[in-house]
Each structure stands twice: as structure tokens, then as C-alpha cells.
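Dear colleague,

I am passing on a structure that I should be glad for you to look over when you have the time. Please find it just below, and after it a short account of what was found.

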Amino acid sequence: MSAPLAFGPQVGVVGGGAWGTALAQMLASDGREVLLWAREADVVAAINREHRNPQFLPGTSLHPSIRATESLADLAALPVLLMVTPAQHLGSVLGALAPQGSDIVLCAKGIEQGTGRLMSEVAAAAAPGAALAVLSGPTFAHEVADGLPTAVTLACAGGAAQWARLAPVIARPAFRPYYSADVIGASIGGAVKNVLAIACGVVEGLALGANARAALISRGFAEMQRLGLVMGAEAETLAGLSGLGDLVLTCSSPDSRNFALGMALGANGDHTGGAAALLAERSTVAEGAFTAPVLASLATQRGIAMPIAQGVAALLDGTLSPRALVAQLLARPLRPEAALPEAMLG
Ligand SMILES: NC(=O)c1ccc[n+]([C@@H]2O[C@H](COP(=O)([O-])OP(=O)(O)OC[C@H]3O[C@@H](n4cnc5c(N)ncnc54)[C@H](O)[C@@H]3O)[C@@H](O)[C@H]2O)c1
Ligand SMILES: O=P(O)(O)OC[C@H](O)CO
């Protein structure tokens with residue numbers, strides 16, 4: 001793999017949180033220039049002057065070939081743009097960016113509140129005509145920033161021709177994208193796993209054991225499959241890095257913000273409420289808290305059985321306590337394990 005022969009940055013990263021900064025660090029690991037847009041002036045200043053992002057990725061020394069800017073216009077003409085804002089802000093930031101014929105790689109994991117749109121649908125509306133791709137998989141930001149081996153799904157709406165353009169720009173020796181053309185499947189896996197990770201954190205917070213957590217991962221995956229297949233995802237995408245792979249990672253470690261939020265909620269035991277206060281004190285994003293109510297509505301509207309996602313939504317809006325959520329799941333009627341078509345009926 002060789003770097004493209006060009007002068008100046010070929011890649012822009014839009015979003016200076018933990019993930020945008022880690023992706024910039026990975027892309028700059030062979031000395032290539034990367035231009036990073038951050039919303040906060042102090043983040044821009046710290047990256048340019050000290051090569052650090054103490055607010056969102058503390059402890060990492062950034063490559064000097066990463067340059068930061070507060071101006072979206074600086075990135076608009078770059079050939080490849082990675083969109084790494086939180087999911088609820090993708091539409092407004094991409095609209096303001098007005099990319100000029102770039103490949104747009106969507107890296108946020110969520111579903112838009114109010115519309116129920118996947119990130120690919122939000123981006124198609126905000127940047128009509130852009131060549132869209134989705135990068136998603138089991139990727140804790142600090143591990144990618146440290147250069148630890150990581151594999152992701154890179155789903156290209158533009159098929160093999162877009163993959164041929166993007167793979168040499170994004171792949172590095174320790175960062176390995178796998179090709180897919182299933183943009184819908186790659187968008188759904190990352191969004192749903194965040195909600196399920198909150199549920200797994202609750203199980204941890206209530207000290208219910210490893211069996212319960214494994215059961216939640218498996219039954220949560222069944223929910224991801226039901227929703228995904230109804231929305232047009234391919235089964236093999238859901239079983240891959242951006243689906244099951246990310247679900248397993250995020251449900252297994254308090255390094256996940258979603259899992260950690262669930263643990264804190266689980267510690268409330270029999271009490272309802274408490275989510276608003278926990279969310280208000282966060283400076284980083286736990287996307288599952290925003291996606292859970294959207295998933296609950298989608299499940300109701302489309303008649304898809306998603307009891308775990310709906311339970312997390314009820315936990316977050318204060319209508320269920322952590323223990324009541326678990327009791328509700330355990331009390332559901334006994335039923336066949338697989339049989340996806342029947343399972344969709346609940
Ligand atoms: N952190 C990870 O390990 C990781 C890995 C893969 C994917 N992601 C996804 O990447 C996305 C970004 O997460 P993160 O971890 O980089 O965020 P973060 O929690 O580290 O930081 C919050 C980010 O939100 C931005 N922000 C806040 N208000 C905003 C607004 N009004 N408009 C635009 N941006 C705003 C901040 O500038 C900051 O960049 C999320 O969808 C997340 O699920 C994160
Ligand atoms: O910290 P979380 O829960 O947002 O998870 C980070 C990544 O999405 C893991 O792949």
C-alpha cells in the first residue's frame with residue numbers, strides 16, 4: 001500500500017471528539033497530512049500548539065502532521081471526508097460543510113431523533129450527490145489511537161469503484177477495513193449495539209452475572225437482526241464487524257460509555273429516574289441514550305419485537321427501574337429461539 005502522490009492533506013476529519021481524533025491519529029501514523037475540524041477553539045489550539053486533545057482524548061501524543069481548524073470551509077474541497085460528529089449533529093454539520101464532490105465516510109453510530117433516519121439517509125439529504133460510505137466496527141478510540149490492531153466494515157454505496165478509491169486512503173498496517181456494499185446494515189449495527197450495551201451495563205450494575213450478560217448479547221443480537229432485515233440490511237453484515245463484532249465489544253467493557261452509563265443506571269436498583277442527572281453530568285456522548293427512544297418507536301411502528309431496546313427506552317425516560325426492566329424481560333412468554341419470521345411478530 002502506498003500513499004497517494006499529492007500535496008497537502010487529502011483527508012479531512014470532521015469532529016474533534018475521541019473518535020475523530022483517534023481516526024486522525026491513525027490516518028497520520030505514516031506521516032500523511034490530516035486536517036481535523038473541531039468545534040471547540042481550545043481543542044483546535046491544543047492540537048495545533050501541543051499536539052494533544054486533553055478534552056476528548058487525554059494521554060495521547062498526536063502526530064504533528066495533524067492540523068486542526070475551526071473553519072468547516074477549510075475542508076469542503078478535500079477528496080475524502082470522515083464525518084465523526086455525534087449522530088444527532090451529522091445533518092446540521094454536513095449541511096454547513098457543503099462538500100464539493102468528496103467521498104463522505106460516515107463514522108457516527110446512531111439514528112436521528114424525530115425522523116428515525118439512519119446516518120446514510122441523513123447524509124444523503126444533507127449532501128445530495130455525495131459518494132457515501134459507512135465506517136463501523138469494534139473500535140474503542142483509545143486503542144485505535146495507540147495503534148492496536150483493529151478491523152472495521154467499510155460499506156461503500158458506490159460499490160467496488162468507491163472501495164478502490166477509499167481503501168488505500170483509510171487502511172493502515174494495524175487498521176484493516178473489510179469491504180461491504182451494505183450501507184444500511186453497517187448503519188444499523190452500530191446504532192443498535194449502543195442501546196444494547198446500556199442494557200448489558202445495567203446487568204453489570206445489578207451484579208446479575210456473566211450468564212445474564214451473554215443472554216442479553218444473544219437476545220439483543222436477535223433484535224438487531226429483526227430490525228435490520230426489515231429495514232433492508234443483509235444478514236451477513238449484521239453478523240460481521242459492524243454488527244455482532246461491535247455488540248460483543250461494547251457489551252463487554254466499562255471502556256464503553258454506553259456500558260458505563262448502564263452500569264451507573266443499574267446501581268439505582270429498584271428506583272426509577274436518575275437517567276437525566278447521569279446524562280447531564282457527561283461531557284462525552286453515550287449515543288445509545290439518544291437512539292433508544294427512536295428504536296422503541298421504530299419497533300412499535302413496524303411491529304418488530306425489540307423488548308430489550310424498548311426496556312432501555314423506558315429505563316431512560318424513568319418509567320421502569322433497572323430491576324423492573326430485568327423482571328419484565330424474564331417474564332416474557334416462553335418462545336422459540338430462532339425462527340426469524342415468527343420472531344418478528346413478537
Ligand atoms: N469514542 C469511540 O470510541 C467511538 C468509536 C467509534 C464510533 N464512535 C462514534 O463517533 C461519534 C462521535 O463520538 P466521540 O466519541 O468522538 O465523541 P466524544 O464524546 O469524544 O465528544 C463529543 C463530541 O461531540 C461534539 N459536539 C457536541 N455538541 C455538538 C454540536 N452541537 N455539533 C457538532 N458537534 C458537537 C464535540 O465537539 C465532540 O467532538 C459518535 O457517534 C460515537 O458513537 C465513537
Ligand atoms: O464508548 P461507546 O459505548 O460509545 O463505544 C465506542 C465504540 O462505538 C465501540 O466500537
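In this predicted model, ligand 1 lies between domain 1 (11–181) and domain 2 (188–344), because both domains give residues to the shell around it.

That shell is made up of 25 residues, and the closest to ligand 1 are Gly 17, Trp 19, Ala 108, Ala 141 and Thr 284. Helix H1, which spans residues 18–27, contributes the largest share of the shell around ligand 1, namely three residues. As to chemical character, the shell around ligand 1 divides into twelve nonpolar, nine polar and four charged residues.

Turning to the two domains themselves, the chain is divided into domain 1, covering 11–181, and domain 2, covering 188–344, and their C-alpha centres lie 26 Å apart. The contact between them draws 19 residues from domain 1 and 22 residues from domain 2.

On the side of domain 1 that touches domain 2, strand E7 (150–156) and strand E8 (175–180) each supply at least two residues, and E7 gives the most to that side, with three residues. The residues on this side of domain 1 comprise ten nonpolar, eight polar and one charged.

If you have the model open, you may wish to begin with ligand 1 and the residues closest to it, Gly 17, Trp 19, Ala 108, Ala 141 and Thr 284, and then to follow strand E7 and strand E8 on the side of domain 1 that touches domain 2.

With best wishes

Notes
Residues are numbered from 1 along each chain as its sequence is written. Chains are lettered from A and ligands numbered from 1 in the order in which they are written. This is a predicted model: local features need pLDDT of at least 70, side-chain atom pairs count only at pLDDT 80 or more; totals for chains, interfaces and linings use all residues. Domain bounds come from an automatic or database domain assignment. Two residues are in contact if their C-beta atoms, placed from the backbone, lie within 7 Å. Helices (H or I, at least four residues) and strands (E, at least two) are DSSP runs, numbered from the N terminus. Ala, Val, Leu, Ile, Met, Phe, Trp, Tyr, Cys and Pro count as nonpolar, Asp, Glu, Lys and Arg as charged, and the others, Gly among them, as polar. A residue is near a molecule or strand if its C-beta atom, placed from the backbone, lies within 6 Å of it.
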